[in-house]
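Work through the following exercises with the coordinates open, attempting each task before reading its solution.

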Amino acid sequence: MSEPSPIEWSREPLVGVPNFSEGRSERVIGALEATLSGCARVLNRHYDTQHNRCVFTIAAEPADLVDSLLAGAAHAIDLIDLRRYKGQHPHIGALDVCPAVWQEEDRHDDARQAARKAAKGIAALGIPVFFYGELASDPERYERAYFRQGGPAELARRMKAGELKPDLGPSEPHPTAGATLVTAREPLVAFNVELDTPNPEIARAVADGLRESGGGLPGVRALGLPREGEGAQVSVNVHDPRAVPLAKVVAEISRLAAEHGAKPVEGELVGLAPEAALAGYPDDPPIKGFDPKRDVMENVLG
């Protein structure tokens with residue numbers, strides 16, 4: 001029987017955005033960055049102590065990108081124990097989300113192949129893998145929320161009961177590292193918006209009205225979260241930032257917040273944003289620490 005043909009990778013860089021369930025230990029975050037940088041260029045690192053999450057944006061030729069993602073997944077098993085996890089961000093794994101990202105349509109297939117190859121390697125580490133987004137094996141598995149509902153404990157129960165089977169890997173979560181969600185996708189924007197209210201219920205109401213599933217903006221996912229001190233936060237993912245730029249998102253947040261006597265006071269990018277996402281962005285609310293040379297994907301990739 002002949003061996004399968006090797007993947008014919010493009011040599012152009014491809015982007016990956018691994019999300020880890022750790023945002024408090026600088027030692028762990030630094031160790032993960034060092035591991036990822038062994039095979040890829042780290043373009044951006046963002047972590048948050050309350051979300052307890054770190055998001056890296058990395059770039060490399062596809063084969064090297066896969067190697068970097070697998071090295072990060074293996075190191076996360078050693079560094080992160082979900083049994084001790086405390087944080088606000090929904091999650092099911094130490095390496096929680098592992099997307100390969102294409103920017104141009106002619107790189108779409110490269111991203112799909114890279115995501116699937118990374119998924120096989122992650123599963124070989126003893127971690128169940130679930131495909132979501134365009135790689136989902138069933139329409140109901142398209143959204144990350146489908147897997148995250150109830151957190152790691154509920155995931156373990158669903159898997160043990162046979163209600164939820166992984167696409168690859170063992171039939172139960174890894175005892176300390178949980179499971180990993182894998183996809184290939186276009187660039188999205190993760191964006192946090194702080195409100196001038198200490199009431200998290202207002203943030204949740206704004207998020208409910210903002211997200212697509214609640215009749216809000218297309219391709220938008222949102223959560224309302226409490227923040228330390230006197231604020232509350234709307235945490236947003238914009239899946240098509242060209243069609244729905246951040247200017248439109250903050251305008252809608254402003255409108256919804258005003259219904260509850262609140263307003264947005266500051267935005268924050270989580271990772272890099274494509275240039276189109278920032279078209280027409282207003283002066284208010286300002287984006288915390290924004291530097292187009294550092295925060296716009298096209299500028300960082302060169």
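A residue counts as buried when its relative accessible area is under 20%, and as exposed when that area is over 50%. The model to which this cut-off is applied here is a predicted one.

**Exercise 1.** Decide whether Tyr-281 is buried or exposed, and then describe its ring pairing with Phe-191.

Solution. Tyr-281 has a relative accessibility of 17%, which lies under the 20% cut-off, and therefore counts as buried. Phe-191, at 0% relative accessibility, likewise counts as buried. Turning to the rings, Phe-191 and Tyr-281 form an edge-to-face aromatic pair, with 6.3 Å from centre to centre and 85° between the planes. Phe-191 belongs to strand β8 (residues 189-195), whereas Tyr-281 sits in the loop between β11 (264-270) and α8 (292-295), so the pair ties together parts that are 90 residues apart in sequence.

**Exercise 2.** Place this pair among the aromatic pairs of the model, and characterise the one formed by Phe-20 and Phe-56.

Solution. The count comes to four aromatic pairs, if ring centres must lie within 6.5 Å. For Phe-20 and Phe-56 the centres are 5.9 Å apart and the planes make an angle of 80°, which is an edge-to-face arrangement. Since Phe-20 is in strand β2 (residues 19-20) and Phe-56 in strand β4 (residues 53-60), the pair ties together parts that are 36 residues apart in sequence. Both Phe-20 and Phe-56 are buried. Ring pairs also link Phe-130, Tyr-146 and Phe-147 into a cluster.

**Exercise 3.** Determine how helices α1 and α2 are oriented to each other, and which residues make their contact.

Solution. The axes of α1 (residues 26-36) and α2 (residues 62-79) come within 8 Å and cross at roughly 155°. Because angles over 145 degrees count as roughly antiparallel, α1 and α2 are roughly antiparallel to each other. Their crossing is right-handed. On the α1 side the contact is made by Arg-27, Val-28, Ala-31, Leu-32, Thr-35 and Leu-36, and on the α2 side by Ser-68, Ala-71, Gly-72, His-75, Ala-76 and Leu-79. Sorted by class, the contact holds seven nonpolar, four polar and one charged residues.

**Exercise 4.** Describe the surroundings of His-174, starting from its place in the chain.

Solution. His-174 lies in the loop between α5 (151-160) and β7 (180-185). With a relative accessible area of 17%, His-174 is buried. Once neighbours within four places in sequence are left aside, His-174 is in contact with Ile-77, Leu-125, Gly-126, Ile-127 and Pro-128. For Pro-128, which is 46 residues away along the chain, the C-alpha atom is separated from that of His-174 by 7.2 Å.

Definitions and conventions
Residues numbered from 1 in each chain as written. Predicted model: local features only at pLDDT ≥ 70, side-chain atom pairs only at ≥ 80, totals over all residues. Heavy atoms only, no water. Axes fitted to C-alpha atoms, helices over the stretch in contact; angles between N-to-C directions. Helix = DSSP H or I, 4+ residues; strand = E, 2+ residues; numbered from the N terminus. Parallel < 35°, antiparallel > 145°, perpendicular 65-115°, else oblique. Left-handed = near helix turned anticlockwise from the far one by under 90°. Contact = heavy atoms within 4.5 Å. Nonpolar A, V, L, I, M, F, W, Y, C, P; charged D, E, K, R; others polar. Phe/Tyr/Trp six-rings, centres within 6.5 Å; stacked < 30°, edge-to-face > 60°. Buried < 20%, exposed > 50% of the residue type's maximum accessible area, 1.4 Å probe, protein only.
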